[in-house]
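Hi,

Here's the structure I said I'd pass along. Have a look at it first, and then my notes on what turned up are underneath.

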Amino acid sequence: MPNVTNKSKASTLRQFRQALEEKSEELRAQMGGPKVNPALQVHADPYDTADFAEKSHEEWIFLQKNSFDTALLREIEEALDRMREGTYGVCQDCGLPVSKKRLEAVPWARYCVSCQERRQTGNN
């Protein structure tokens with residue numbers, strides 16, 4: 001029966017790898033230049049403060065989103081590295097397995113639920 005378990009683990013790992021790669025591709029496709037509001041390009045006065053404020057705000061939102069997406073891409077790449085190393089699905093704090101349910105929700109998870117909660121509350 002160990003073969004069935006190994007096949008099941010390999011299949012599950014393939015599913016997680018596929019989910020990680022798809023999320024990575026999705027994020028990379030979304031990352032690009034800020035979307036320009038065509039209404040802002042029509043105005044003859046380039047110094048209209050309301051338009052400038054809106055454009056600045058849109059650029060700020062774009063930069064914040066790209067920053068978040070870049071951090072998430074880094075986490076995804078680290079998860080793919082752990083797969084290659086054979087440590088994927090193992091909590092980086094306690095060394096216990098990360099639950100399949102958690103990995104299904106957050107395939108790039110580094111920590112089990114207990115360790116993640118402890119990190120979020122500051123009780124490292």
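One term before anything else: "buried" here means a relative accessible area under 20%. With that cut-off, the buried residues of helix α3 are D51, F62, N66, D69, L72, L73, I76, A79, L80, R82 and M83. Keep in mind that this is a predicted model.

Now the overall picture. There are 5 helices and 0 strands, so along the sequence the pattern simply reads α-α-α-α-α. The protein has 124 residues, and 23% of them count as buried. Its accessible surface is about 9000 Å², with 55% of that belonging to carbon and sulfur atoms. If you look at contacts with a separation of 6 or more, 56% are between residues 24 or more positions apart.

Back to α3, which covers residues 49-85. How does its span compare with what its 37 residues should give? At 1.5 Å a residue the expected value is 54 Å, and the end C-alpha atoms are 53 Å apart, so the two agree. The residue that follows α3 is G86, and its phi is positive, near 85 degrees.

On the list of buried α3 residues, a reminder about geometry: an α-helix has 3.6 residues a turn, so residues three or four places apart point the same way. You can see such spacing in part of that list, for example in N66, D69, L72, L73 and I76.

Two buried residues outside α3 are worth a click. S24 is in helix α1. Its relative accessible area is 6%, so S24 counts as buried. Leaving out residues up to four places away in sequence, S24 touches L73, I76 and E77. Of those contacts, L73 and I76 are also among the buried residues of α3.

The other one is P107, in the loop between α4 and α5 (113-121). P107 has 8% relative accessibility and therefore counts as buried too. With the same sequence neighbours left out, P107 touches F16, A19, L20, A79 and Y88. P107 and Y88 are 19 residues apart along the chain, and their C-alpha atoms are separated by 9.5 Å.

Finally, the pocket. The largest one has a volume of about 330 Å³. It is lined by 16 residues, and those closest to its centre are K9, L13, Y88, G89 and L103. Which elements give two or more residues to that lining? They are α1 (2-30), α3 and α4 (100-105), with α1 giving the most, at 4 residues. By class, the lining has 8 nonpolar, 5 polar and 3 charged residues. Y88 turns up twice in these notes, as a residue close to the pocket centre and as a contact of P107.

Cheers

Note on methods
Residues numbered from 1 in each chain as written. Predicted model: local features only at pLDDT ≥ 70, side-chain atom pairs only at ≥ 80, totals over all residues. Heavy atoms only, no water. Buried < 20%, exposed > 50% of the residue type's maximum accessible area, 1.4 Å probe, protein only. Contact = heavy atoms within 4.5 Å. Areas by Shrake-Rupley, 256 points an atom, 1.4 Å probe, with all protein chains shown as cover. Expected span 1.5 Å × (residues − 1). 1 Å grid on protein atoms, 1.4 Å probe; cavity = no way out; pocket = protein on both sides within 12 Å on 5 of 7 lines; lining within 4 Å. Points joined across faces, edges and corners; volume = space filled by probe spheres on them. Nonpolar A, V, L, I, M, F, W, Y, C, P; charged D, E, K, R; others polar.
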